[in-house]
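Dear colleague,

I am passing on a structure for you to look through, and below it you will find my notes on what was found. Please keep the structure open while you read.

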Amino acid sequence: MTQTPTIGALFIKAVVLLIAAGLLFAPFLFQDVRALEVAARICVFIVLVASYDLLIGYTGIVSFAHTMFFGFGAYGAAIALKQIGNSWGAITLGTLAGMALSLVLAVAIGLLSLRVKAIFFAMITLAAASVALVLASQLNTITGGEDGITYRVPDLFKPSTKLFTDEAGKVVQIGGVKLNGKLAAYYFVFATSLALFIVMLRMVGSPLGTVLKAIRENEARAEAIGYRVVAYRTFVFCIAALVASIAGSIYAVWLKYTGPDTALSFAIMIDILLMVVIGGMGTMWGAVIGAVLMVMAQYYLRDLMSVAAEATAGIPLLPHLLEPDRWLFWLGIIFILLVYFFPKGIAGTIMDKGRRT
Amino acid sequence: MTQPSLVTEDLTIRFGGHVAVNKVSTAFRPGELTVIVGPNGAGKTTYFNLISGQLSASEGRVIKDGIDLTGMSPSARAHHGIGRAFQLTNLFPKLSVLENIRLAVQAQSGDGWRIWRAAAGFSELTARAERYLEATRLNAVAHQPAAALPHGDQRKLEVALLMAMEPDIYMFDEPTAGMSLDHAPDVLDLIAGIKTDPTKTVLLVEHKMDVVRALADRIIVLHNGELLADGAPDEIMSSQIVRDVYLGKSGVSA
């Protein structure tokens, strides 16, 4: 008695596999610095969005503190690298410190407020996140304030590091790609993100995942058949916070810079929300698709528009509308259209298609 | 006589000035099916909520097999063997029928905290869920979302969830409400089946007098939150006080 997957679900899984392959070979497929930045950001945001989906999509918890946990991880790694030096020990220590802080806050917020109504919980997370943001910009001596912190990362990740050398002592190239520290850093980001994503994928398919869905669907009945709803909610809130925190640490190592704009701002929270809505709530695949589309749009929509503006140079009005500076306007229109035509998000809507009964 | 499995002592709840359940003291025994009757607003469902924990008592106690459940959450009471089906259909609407039942089985097994192995791999849970699927004759719709079922099947699923909890105390709140005449007997047969197990205690809120007559070992009457009468079916059915309550001629107050 197994349920046959829909054609749409198979299609989405195929797309996700393609994306995974694309990210795996990204340094070889897209050989420029910016493309690698985009690929690394996509990896980190897939993890961040998927962990947020554990809350909002699987369990029905609305939190605005997800960037706070991301920020704890990022600042943890950043401060450790700055203060202790560019060692692996510093990364480990910073990551663990970020996770510990995230865990303590997640337990506290969870136990104190997951009993109350969803709206109050959302407000409390918003307040906590605001406090974290203010603290990060006020505690100049530790966090670097608005300017953030720049630091060096382990030598393995330096662009000048040669992973393999030939007889002449030059760095080995494969398909024109230098096997240098930058490549190592990318694969560090890729492998950690993949591992975290697989852990979450296992979780949502486990008995725990079924309980989370039950809580989302009908909290009172889940309690009545014997699930301690508050305990499950607090647990998943902690897991999501820990994953976000690790994602923050990875991103800090990749960027070699951590500041409010890259790790803590509410703009990131809004990005996460948009990604989860566009991709589709309640499915891990949605996180992948949402993160890919959104990050790509943020990086390439302007380029695409300037090409379009040039191509339409002879036509009245159009070039003005397609002015690259108006990219946010077009992004907004794309969002509205997506939400209209894909009410359950791209993955959610497509996966419902072709249901075979 | 066997020891009571479930006892309520002076069980009371007030909402502001309104006393919805007022000092209800009674005991229920294994192997006994008690039907709780009373007009609308008598406090039958509220009394159920106090036993299964959806509401907390203002006064009084709920005791099961000597353990005081009064301060416990609904989930803790479920683990102590209190099972409850709801009057208004109360399912996991987007999950399939089989998933609904498996959740109830899994809640009992304690596997909800397993976070690594795939849920589908817990074949013993699935096998148990399928047993209740068959018992309630829902096999044909096993993979449909609960929300897509016709009302009668949703009521059956409600009963299946309760059975899958494998409780000691079965509480049914108008299990056949809104069901067609073809479907109601299925549910009543299930309840009659549970009744044959001498270790199980069954509480049933029901209005339909033919159902009451067919199933009841004992009837208690609630009126304005108070326990008005308690006795064998024949005795209660023929008593003047019950007729008065149902016909609205009660002198207690309307």
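**Notes on the structure**

Chain B contains nine helices and 10 strands, where helices (H or I, at least four residues) and strands (E, at least two) are DSSP runs, numbered from the N terminus. This is a predicted model, in which local features need pLDDT of at least 70 and side-chain atom pairs count only at pLDDT 80 or more, while totals for chains, interfaces and linings use all residues. Residues are numbered from 1 along each chain as its sequence is written, and chains are lettered from A and ligands numbered from 1 in the order in which they are written.

The C-alpha atoms of chain B fill a box of roughly 60 × 40 × 40 Å along the principal axes. Its radius of gyration, taken over C-alpha atoms, is 19 Å, which agrees with the value near 18 Å for a compact globule of 254 residues (the globule rule is 2.2 Å times the number of residues to the power 0.38). Of these 254 residues, 46% count as buried, meaning that 20 or more other C-beta atoms, placed from the backbone, lie within 10 Å of the residue's own, whereas 12 or fewer make a residue exposed and anything in between partly exposed.

Two residues of chain B have a positive phi although neither is a glycine: B:Lys23, near 45°, and B:Asp65, about 45°. B:Lys23 sits in strand E2 (residues 18–28), while B:Asp65 belongs to the loop between strand E4 (59–64) and strand E5 (67–68). B:Lys23 counts as partly exposed because it has 15 C-beta neighbours inside 10 Å, and B:Asp65 is likewise partly exposed, with 15 such neighbours.

In chain A, helix H4 (residues 66–84) has 19 residues and reaches 27 Å from its first C-alpha to its last, close to the expected 27 Å (1.5 Å times one less than its number of residues). Because 16 of its 19 residues are buried, H4(A) is largely enclosed by the rest of the structure; A:Gly85, which follows H4(A), has a positive phi near 115°.

The largest nonpolar core (buried Ala, Val, Leu, Ile, Met, Phe, Trp, Tyr and Cys residues joined through C-beta atoms within 7 Å) has 182 residues, and A:Ile46 and B:Ile101 are among those with the most contacts inside it. Helix H11 (residues 229–255) of chain A gives the most to this core, with 19 residues.

With kind regards
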